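User: I'm new to this one. Can you walk me through it?
Analyst: Yes, here it is.

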Amino acid sequence: MQFLTWLLGRGFGRERQRSIPVHESTRPAPGLLEARAAAEVRARRLLLRLLDPAQRLEFERYGYFAVRVPGRGKFWILPSRVFNVLHSATGHSYCGTPQTEIPLSDLMLAQKLLLENNPELFFAVANHRLELVPGSTPEHSLPERVMRARRSPSRTRTRWSEVSMIPQVNRPR
Amino acid sequence: MKILRILDSSGDRVIAFDDSAAATAARAQARALFQRMLATGSTAFKVNRGDGKPDEKVTDFTALENETVIVPRIVGG
């Protein structure tokens, strides 16, 4: 018994605590997951109610929808948290999100409202990047192409010099 | 009855009020919240306006209609 007390006092118990896998300690509590799911359901219901009929049909069928931005043309709002506003004419995607954390459907609603009614504010703060080369993909398949590319696992870059079977005489050392 | 809907982590927070004398406290709370949110960079939009009217940005509390959605301040991601 004394030995056991000594062992625990030396930190054996603490070691046991430390050995709990990290993913278990960082996993969100079940209650938090349920709250997030409920928030998403609520947000989706609001989004569906506030989309116009064509947008609602598109969203229910594909999970994304298009908005017309005065003076700038057509943009797709994709179901993603980053760079999810895709310009159909240029292939640029934009990333502008509320500062506070909100469900994904709320994010899509916020972007719809901003793009249709206050685009200057959105484009003033949003970051953008070239997602696709313009003209390389038919316009109607742009969103699918972007989402498919994001779903596919990223590949590590390999240099040709590492796989080539041809000896490289002038290879710098 | 007018509804102020503030997007947040729970989906949205709703404050209902009207122009009656009985709803004075609720209206004052809604006005204070509306002004505070806009002062901190949020944007408000009149939605669900009926008669085919499009959504519209609003900055004046007295101009609110049936339903208003407040989008928290946006930043570049």
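Analyst: One term first: two strands count as paired if DSSP finds at least two bridges between them. Also, this is a predicted model.

User: Ok. Which residue is the bridge partner of Lys46(B) in S4(B)?
Analyst: That partner is Glu56(B). S3(B) and S4(B) run antiparallel and are joined by 3 bridges.

User: What packs on the sheet there, from chain A?
Analyst: Helix H4 of chain A, residues 30-50, packs on it and touches S2 and S3 of chain B. The direction of H4 makes about 65° with that of S2(B). Helix H6 of chain A, residues 104-117, also packs on the sheet, touching S1, S2, S3, S4 and S5 of chain B. For H6, the angle with the direction of S5(B) is about 100°.

User: In what order do the strands of that sheet come?
Analyst: The order is S2-S1-S5-S3-S4 in chain B, an open sheet of 5 strands with mixed pairing. S2 and S4 of chain B have a single partner strand each, so they stand at the edges and one side of each has no neighbour in the sheet. From one strand to the next, the twist averages 30°.

User: Switching to chain A. How many helices and strands?
Analyst: Chain A has 9 helices and 5 strands. Along the sequence they follow α-α-α-α-α-β-β-β-β-α-α-β-α-α.

User: And what share of chain A is buried?
Analyst: Of its 173 residues, 25% are buried.

User: How many residues does each chain put into the contact?
Analyst: Chain A gives 27 residues and chain B gives 21. On the chain B side, the elements giving two or more residues are strands S1 (2-8), S2 (11-17), S3 (43-47), S4 (56-58), S5 (67-71) and S6 (74-76). By class, that side has 8 nonpolar, 7 polar and 6 charged residues.

User: Which strand of chain A is joined to S6(B)?
Analyst: Strand S4 of chain A, residues 92-98, is joined to S6(B) by 3 bridges, and the two run antiparallel. One of the residues involved is Pro98(A), whose bridge partner in S6(B) is Ile74(B).

User: Where does Cys95(A) lie?
Analyst: Cys95(A) is in strand S4 of chain A. Leaving aside neighbours within four places in sequence, its contacts include Gly76(B) and Gly77(B), along with Val82(A) and Phe83(A).

User: Why does Cys95(A) count as partly exposed?
Analyst: Because it has 19 other C-beta atoms within 10 Å, and a residue is buried if 20 or more lie within that distance, exposed if 12 or fewer.

Note on methods: Residues are numbered from 1 along each chain as its sequence is written. Chains are lettered from A and ligands numbered from 1 in the order in which they are written. This is a predicted model: local features need pLDDT of at least 70, side-chain atom pairs count only at pLDDT 80 or more; totals for chains, interfaces and linings use all residues. Helices (H or I, at least four residues) and strands (E, at least two) are DSSP runs, numbered from the N terminus. Two residues are in contact if their C-beta atoms, placed from the backbone, lie within 7 Å. Ala, Val, Leu, Ile, Met, Phe, Trp, Tyr, Cys and Pro count as nonpolar, Asp, Glu, Lys and Arg as charged, and the others, Gly among them, as polar. Axes are lines fitted to C-alpha atoms, for helices over the stretch in contact, and angles run from 0 to 180 degrees between N-to-C directions.
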